[in-house]
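The following note sets out several points on the packing of helices and strands for consideration alongside the coordinates. Each point may be checked separately.

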Amino acid sequence: MTQAKEQFSDRLLTGSDAGLKAAVSILRAGGLVAFPTETVYGLGADATSDKGVRRIYEAKGRPRENPLIIHVSDLEMADQYAVLPKAAVAVADIFWPGSLTFLLLAKRNSGLSNIVNSGLPTIAVRMPSNKLAQKLISKLGRPVAGPSANLSGRISATTPEEVLSQLGKRIDAILDDGPTSVGIESTILDMTGNPKILRHGAVSQEDLELVLGPLNDELRPQVLAAPGQMASHYAPRAKVVLNVTHPIEGAIWIGFGICEGCQLNLSCQGNLEEAAHNLFQTMAQADKMTLEDQVIAFAPIPHQGIGRAINDRIVRAAAPRE
Ligand code: TXA
Ligand code: MG
């Protein structure tokens, strides 16, 4: 067992019936359970519980103006809490369960906690494909509120070890499902008007355009509508530089494809899916390797398919910090 797992062994739950039962009891009592999804681990609470949702913000150190995604087990549950236009149902038919989050109008008096969406008229909704996540939500019988299970602004967690090393002390339990399969967060698609991508993610713009036609992927002008989308984010401890094509002295160089002299590589084959899968774990690894003042350097990543999501994350990791 790794160090983090040993330290927090009393909080580890498996996907057995007993493990799921324990997780549901904690959620019902307003507690926090980190849970696997196919993208990244989520920091879960009962989305109808003010107490639970408040604890998410406190545990992450997340500003209350930054709303959360709710995870549902089926379209029926989504329909209880959000207004589902026909077009959203058609897109859900193709991409759900999966790594696509819809921004929808929230239904009033649905029973959701008011703070889960920061009091906005909209709500972000996703139906994950991870089997444990689905079982957890179905057994709870309510949506699970869940931002990525990392400290606010830091690297997203794709392994239980990373969740525990960032949040171990602040959660009641974690459902251990090993490393996540996709490794990068869901794509967020605004379906409140003309479809618009708010965050590039695991479902590519190209795949969405096959169904929806050309998409305008400009960022929203309202900064507070998606604050996670603006400033420094996904930040390791070390400084990050981008588009590096030659070794830099004193840097940990992360390559993509053939890359002579790099210490780490997102995908030696130059495969973007594999690179997305490895991104956050490789960043965490590089961060542990860097000494004082050393930087993390990324080789260029093609800006296509899931490469857009990778570039989005590393640009934010390289953004100036407060
Ligand atoms: O793959 C994922 O989406 C993961 C897993 C756990 O589901 N979740 C995730 O959540 O990445 P989080 O909180 O780290 O990122 C959600 C983003 C934030 O930037 C937030 O500002 C935005 O979605 N968001 C959530 N609700 C919103 C709303 N009502 N309006 C605008 N943006 C919203
Ligand atoms: Mg996040």
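A crossing of two helices is called left-handed if the near helix is turned anticlockwise from the far one by less than a right angle, and right-handed if it is turned clockwise. The points below concern a predicted model.

1. Helices α9 and α10. The crossing of α9 with α10 is left-handed. The axes of α9 and helix α10, the latter spanning residues 307-318, cross at roughly 20° and come within 9 Å. Because angles under 35 degrees count as roughly parallel, α9 is described as roughly parallel to α10. On the α9 side the contact involves L272, A275, A276, L279, F280 and M283, and these meet G307, I310, R313, I314 and A317 of α10. Classified by residue type, this contact of α9 with α10 comprises nine nonpolar residues, one polar residue and one charged residue.

2. The open sheet. In what order do the strands of the four-stranded open sheet lie? The order is β12-β15-β13-β14, and the pairing is parallel. The edges are formed by β12 (239-241) and β14 (264-265), each of which pairs on one side only. As a general matter, strands of a sheet pair through backbone hydrogen bonds, in either a parallel or an antiparallel manner.

3. Strand β13 and its partners. Strand β13, residues 251-255, is joined to β14 by two bridges, and the two strands run parallel. The bridge partners in β14 can be named individually: L264 for I254, and N265 for G255. Towards β15, β13 is joined by four bridges, again with the strands running parallel. In that pairing, W253 stands opposite A297 of β15.

4. Burial of β13. Are the residues of β13 buried or exposed? The strand is mostly covered, with five of its five residues buried. A251, W253 and G255 point one way from β13, whereas I252 and I254 point the other way, and all are buried. W253, which faces A297 in the neighbouring strand β15, therefore belongs to a set of buried residues, where buried means under 20% relative accessible area.

5. Helix α9 against the sheet. Helix α9 also lies across β13, β14 and β15, and runs at about 145° to β15. Two loops adjoin this helix: S267 is found in the one between β14 and α9, and D293 lies in the one between α9 (272-289) and β15 (295-298).

6. Two loop residues. S267 counts as buried because its relative accessibility is 1%. Neighbours within four places in sequence being set aside, S267 is in contact with G255, F256, G257, E274 and A275. Of these contacts, G255 is also the residue of β13 that is bridged to N265 of β14, and A275 is among the α9 residues that meet α10. D293, by contrast, is exposed, because its relative accessible area is 74%. The C-alpha atoms of D293 and D176 are separated by 34 Å, the two residues being 117 apart along the chain.

7. Helices α2 and α6. Two packed helices are described by the angle between their axes and the distance between the axes. For helix α2 (residues 17-28) and helix α6 (residues 131-140), the axes cross at roughly 55° and come within 10 Å. The angle therefore makes α2 oblique to α6. Their crossing is right-handed. The contact is made by L20, A23, V24, L27 and R28 of α2, together with L132, K135, L136, K139 and L140 of α6. By class, this contact of α2 with α6 holds seven nonpolar and three charged residues, with no polar residues.

8. Helices α5 and α8. Helix α5, residues 86-95, packs with helix α8, residues 205-212, at an angle of about 130°, the axes lying 11 Å apart. The angle therefore makes α5 oblique to α8. Which residues make the contact between α5 and α8? V91, I94 and F95 contribute from α5, and D207, L208, V211 and L212 contribute from α8. By class, the contact of α5 with α8 has six nonpolar residues, no polar residues and one charged residue. The crossing of α5 past α8 is right-handed.

Methods: Residues numbered from 1 in each chain as written. Chains lettered and ligands numbered in written order. Predicted model: local features only at pLDDT ≥ 70, side-chain atom pairs only at ≥ 80, totals over all residues. Heavy atoms only, no water. Axes fitted to C-alpha atoms, helices over the stretch in contact; angles between N-to-C directions. Parallel < 35°, antiparallel > 145°, perpendicular 65-115°, else oblique. Contact = heavy atoms within 4.5 Å. Nonpolar A, V, L, I, M, F, W, Y, C, P; charged D, E, K, R; others polar. Buried < 20%, exposed > 50% of the residue type's maximum accessible area, 1.4 Å probe, protein only. Pairing = 2+ DSSP bridges.
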